[in-house]
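Please open the model in your viewer and keep the selection panel at hand, since the tour below moves from one selection to the next.

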Amino acid sequence: MAVQQRQWGTTPSISWTLPTEKEIAQDKELTDELKRQGQYEAPGETEKKQQLLIQLQKIAVEFVKHVCRKINLPQSIINSAGGKIFTYGSYRLGAYAPGSDIDTLVVAPRHVNREDFFEHMPSILEKMLPPGAIEEMKPVPEAYVPIIKLMISGTDIDLNFTRLAVSSVPWDLDVKDTNLLRGLDDRELRALNGPRVADELLQLVPQKKTFRTALRAIKLWAQRRAVYGNIVGFPGGVAWGMLVARVCQLYPQATGSVIVMKFFRIIGRWNWPQPILLKESEDHPIQARVWNPRLYPTDKYHLMPIITPAYPAMCATHNIGPTTKKIIIQELERGGDITDKISFGRLQWKDLFAKHTYFTKDYKYYLSIISGSTSKDAQASWSGFVESKVRLLVQALEGQGTIGVARLFNKGFAREHRCNDEDEIEAVLRGDMQYQATNVKTETTDKINDPLHNAIARGNADATAVADGNGEIARNGVEPHAFYTTTYYVGIELAQGLQNECEKIPDY
């Protein structure tokens, strides 16, 4: 009698075939290449992060008790109030590289609010962590989801906050319980959605180890090919994770290497805008807004909808536009061609992870958008605001009949300059590099990972958070003043008709 096999996802699996010896060998080769590419951290670093999270859990409980005492709650309520730390994002999914930040969420009971978080949490962190452990602490109360950016003993922590409409948050709280969503506002729902999506996603893949190997590979590929980043119209880490999870559901017994090979052909030839779903959508009495193009007209315009599995279901890729969709599909096709050759031994895994040629080969014309401020803090917010508007510029360019492709590079470049006067500042804003500080390295916005910049770029911060960076600059004869810029690049490809006409011009 045949054993009935579980259905993973919304459709039956394509194949339950066990891996061959060749596939197992290719999987080892993939893992070895990921290690060479620096995608696995040392065991000592993993242990260090686990110990830090244990410390943060103790701090979360003390924070809740501290607030309870401040508002004179009975000791019995103080003792049972609890408090819990949840992780989410790449760390929770188990597919993170060395040096990656840890997204964490402090969950508190109803009598603790976001004002308490910013007023009391910083001092409790300083009190309970070892002296000197906090290398950086940057609260960002303006963000739609409250966050304190921390660097603790070399580990980057994004500490978020939400509260539940309950009197106690026990240590064994199951964040997947949809009843916890009762009584929450949009801001609180959004914060809780991070760990809920991560936990649900891990429950929906047949083999977690296979999923994590494949996701490490796909994330590295997406980053190297510059098709990574939700803000600029590409899938972010969780969206790529959901795509990998869907392929894992279709091949429950496959190795990580097979999942990667299947990934490019299945996702690259997906019948968009048919959505990627890891499970059937669910109803709930709280009646939160869920992704549904039949009910909400704006949902019909999502070009590559990838839907989060936790209630309330949301589209993780609403920023994808016509150009980024075209580029993603082109890159998936290219990835499929490479993995086909890897399968036959004609290429190696390192060829899949070759860096993009955006600046060296892909475009003849580039548009640069430069924002600048006389203050580093002001530039963090101002550049985030500019980044949020660059997408609109790209959409306008795409609507011009003379432009075939307008592709925004997926990160900005932050530079520091030394200027003596307003004329030199104007030169910098026109793209002149001669005043760039030689002792300060150019950094990309994803590496800086400034929480206020990110919040404003996503449109998730109050308008008052955008600081005025137009301060006075030093005059001639005075020591040069620092001037900070962030530059975004748009690769331009002319429409075919105009391109043909231009090619007739001598020396074009």
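Which residues do ring pairs link into a cluster? In this predicted model, the cluster linked by ring pairs consists of Tyr-358, Phe-359, Tyr-363, Tyr-366, Phe-409, Phe-413 and Tyr-489, and selecting these residues together is a convenient way to begin.

**Aromatic pairs**

Within that selection, turn to Tyr-363 and Tyr-366, whose ring centres are 6.1 Å apart and whose planes stand at 80 degrees, so the pair is edge-to-face. Tyr-363 counts as buried, at 13% relative accessibility, whereas Tyr-366 is partly exposed, with a relative accessible area of 32%. The count of aromatic pairs comes to 22, and one of them, formed by Tyr-91 and Tyr-96, is tilted, with 4.9 Å from centre to centre and 35 degrees between the planes. Colouring these two by accessibility should show that Tyr-91 is buried at 14% relative accessible area and that Tyr-96 is buried at 12%.

Keep Tyr-96 on display and add Arg-216, whose charged end sits over the ring of Tyr-96 at 5.9 Å from its centre. Next, select Lys-84 and Phe-86, where the lysine lies over the face of the phenylalanine at 5.2 Å from the ring centre.

**The nonpolar cores**

In soluble globular proteins, nonpolar side chains tend to be buried together. The largest nonpolar core here has 93 residues, of which Phe-211, Trp-221, Trp-240 and Phe-263 touch the most other members. Helix α8, residues 237-250, supplies the largest share of this core, with nine residues. Apart from this core lies another, of 31 residues, which includes Leu-53, Ala-60, Val-67 and Val-112.

Centre the view on Trp-240 and show its surroundings: leaving aside residues up to four places away in sequence, Trp-240 touches Leu-215, Ile-218, Trp-221, Ala-222, Val-227, Tyr-228, Pro-235, Phe-263 and Ile-328.

**Helix α9**

From Phe-263, extend the selection to the whole of helix α9, residues 256-268, which has 13 residues and reaches 18 Å from its first C-alpha to its last, close to the 18 Å expected at 1.5 Å a residue. At Lys-262 this helix bends by about 30 degrees. Is α9 largely enclosed or exposed? Because 12 of its 13 residues are buried, α9 is largely enclosed by the rest of the structure. Among the buried residues are Gly-256, Met-261, Phe-263, Phe-264 and Arg-265. To see what covers the buried residues of α9, display α1 (21-36), α7 (208-224), α8, α10 (322-343) and α11 (349-352), which are included in that cover.

**Backbone details**

Most residues other than glycine have a negative phi, and most peptide bonds are trans. Following the loop between α9 and α10, stop at Pro-273, where the peptide bond from Trp-272 is cis, with omega near 10 degrees. Pro-312 is found in the loop between α9 and α10 as well, and a cis peptide bond with omega of about 0 degrees joins Tyr-311 to Pro-312.

Two further stops concern phi. Ser-153, although not a glycine, has a positive phi of about 50 degrees; Ser-153 is found in the loop between β4 (147-152) and β5 (155-163) and is partly exposed, at 34% relative accessible area. Finally, select Asn-449 in the loop between α15 (445-448) and α16 (451-457), where phi is positive at about 55 degrees although Asn-449 is not a glycine. Asn-449 counts as buried, at 17% relative accessibility.

Definitions and conventions: Residues are numbered from 1 along each chain as its sequence is written. This is a predicted model: local features need pLDDT of at least 70, side-chain atom pairs count only at pLDDT 80 or more; totals for chains, interfaces and linings use all residues. Side-chain values use heavy atoms; hydrogens and water are left out. A nonpolar core is a set of buried Ala, Val, Leu, Ile, Met, Phe, Trp, Tyr and Cys residues joined through side-chain atoms within 4.5 Å. Buried means under 20% relative accessible area, exposed over 50%, partly exposed in between (1.4 Å probe, protein chains only). Helices (H or I, at least four residues) and strands (E, at least two) are DSSP runs, numbered from the N terminus. Contact means heavy atoms within 4.5 Å. The expected span of a helix is 1.5 Å times one less than its number of residues. The bend at a residue is the angle between axes fitted to the seven residues ending there and the seven starting there. Rings of Phe, Tyr and Trp (its six-membered ring) pair if their centres lie within 6.5 Å; planes under 30 degrees apart count as stacked, over 60 as edge-to-face and the rest as tilted. A charge sits over a ring if NZ of Lys or CZ of Arg is within 6 Å of the ring centre and within 35 degrees of the ring normal.
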